[in-house]
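Open the model in your viewer and keep the selection panel at hand. We will go stop by stop.

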Amino acid sequence: MQYSPKKTKEILENQNIVLKKNFGQNFIIDENIIDMIIKKANIDKDTLVLEIGPGVGALTYKLAQEAQNVLCYEIDTTLKPVLESNLKEFSNVKIIYNDFLSENVPLEIWKYKFKKLYVVANLPYYITTPILVKIIEYKLPLDKIIVMVQKEVGNRFKAKPNSKDYSSLSVYLNYYFEIKKILDVSRNVFIPKPNVDSIVVEFAKKDHSYLKNEQIFFKLVKDSFKQKRKNLRNNLKGYDLNKIEEILRKYNLDLTARAEQLDIDIFIDIANNI
Ligand code: SAM
C-alpha cells in the first residue's frame with residue numbers, strides 16, 4: 001500500500017520509533033500541505049532536488065514522483081528501515097544518513113546530470129540558519145529553494161535595513177534570491193505539535209548586481225555585522241577605512257554607521273572598490 005503522511009503516527013508507533021526533539025523532528029501529517037508545497041515547487045523530470053531531513057519520507061515520496069532525482073540527508077539512522085520501506089518503489093532517491101552540515105554536498109551533487117537544482121525541505125528548526133548559510137557558501141547552481149521554517153525565522157530572511165532582523169544572512173539571501181512567503185502552516189499539522197507556527201518560503205534565483213569578488217563581499221558583510229551594536233569603524237578594523245568612508249559618503253553615511261543601516265547595494269559598492 002502507498003505511504004501517506006496520514007499514516008505517519010501509525011508507522012512510528014508500529015516501528016517503536018521515538019521522535020527526537022534534539023534533531024528537530026516535527027513530521028508533517030497533513031497531505032494537503034505536502035501537495036501545496038509540491039505544486040508551488042513546480043518540479044519536473046529535469047530537476048535534481050536536494051532535501052535535508054526526509055524524516056519518514058512524507059515530502060520525499062512526492063518529490064520522487066515529480067523529480068528526476070532526489071538526494072536526501074538524514075541524520076537519524078533509526079529512520080532508515082521506515083524510510084526505505086516507504087520509498088521502496090523509487091529508484092531515483094538517494095539517502096545519505098549523516099549530518100548535512102558535515103557532508104561534502106557538492107561532491108555528491110556533481111555526480112548527477114541535471115538542468116535544474118532545487119532545495120525542497122521541511123528544515124530542522126534548530127539549524128535552519130546554518131543549513132542555509134552552508135547552501136549559499138557551497139555556491140551550488142541553485143534555481144530555487146523552498147523551505148518550511150519557523151514563522152519568525154522566515155520573516156527575518158526578508159528583513160530590510162534598519163530593522164532589528166536585518167543581518168548578514170538577509171544580505172546574502174537577498175543578494176542571490178527573490179524571497180517570498182508562499183504558505184502559512186499551522187502548528188497543528190505536525191507530530192509532535194511544535195510551539196510555533198511555520199511558513200513556507202521560496203527563494204528564486206535572481207539576476208544580481210555585478211560583484212568583482214564574491215569572497216570579499218561575503219567577508220565584508222560578515223565582518224560588518226560581527227558585533228551588531230558596534231559601528232563600522234570598530235567592526236572593520238584592518239580594512240582601508242579611508243576608502244570605505246569615501247564610499248559611504250556617497251550615501252550620506254560615515255564610519256559611525258552600523259552594518260544594519262547599509263543596504264545590499266552599499267555593501268556591493270564597498271566590496272567592489274576596496
Ligand atoms: N521532512 C519530514 C517531514 O516534513 O515530515 C521531516 C522534517 S523534520 C522538521 C526535520 C528532519 O531533519 C528530521 O527527520 C531530522 O531527523 C532531520 N535532521 C535534523 N538535523 C539534521 C542534520 N544535521 N542533517 C540531516 N538531517 C537532519
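The tour runs from the domains to the ligand and its surroundings.

This is a predicted model: local features need pLDDT of at least 70, side-chain atom pairs count only at pLDDT 80 or more, and totals for chains, interfaces and linings use all residues. Residues are numbered from 1 along each chain as its sequence is written, and side-chain values use heavy atoms, without hydrogens or water.

**Domains.** Select 5-205 for domain 1, then 214-273 for domain 2. These bounds come from an automatic or database domain assignment. The C-alpha centres of the two domains are 33 Å apart. Now show the contacts (heavy atoms within 4.5 Å). Here 13 residues of domain 1 meet 15 residues of domain 2.

**Ligand shell.** Select the residues around the ligand, those with a heavy atom within 4 Å of it. There are 22, and Gly53, Glu74, Asp99, Asn122 and Tyr126 come nearest. Colour the shell by class: 11 residues are nonpolar, seven polar and four charged. Gly counts as polar in this scheme, and Tyr as nonpolar.

**Polar contacts.** Look for pairs of N or O atoms within 3.5 Å. Start at Gln25: a side-chain N or O atom is 2.9 Å from a ligand oxygen. Go to Ile28, where a backbone N or O atom also lies 2.9 Å from an oxygen atom of the ligand. Finish at Gly53: a polar backbone atom is 2.8 Å from a ligand nitrogen.

**Cover.** How much of the ligand's accessible area does the protein cover? It covers 99% of the 590 Å² that the ligand has on its own, by the Shrake-Rupley method with a 1.4 Å probe.

Definitions and conventions
A polar contact is a pair of N or O atoms within 3.5 Å; within protein, one must be able to donate a hydrogen and the other to accept it, and residues adjacent in sequence count only if both atoms are side-chain atoms.
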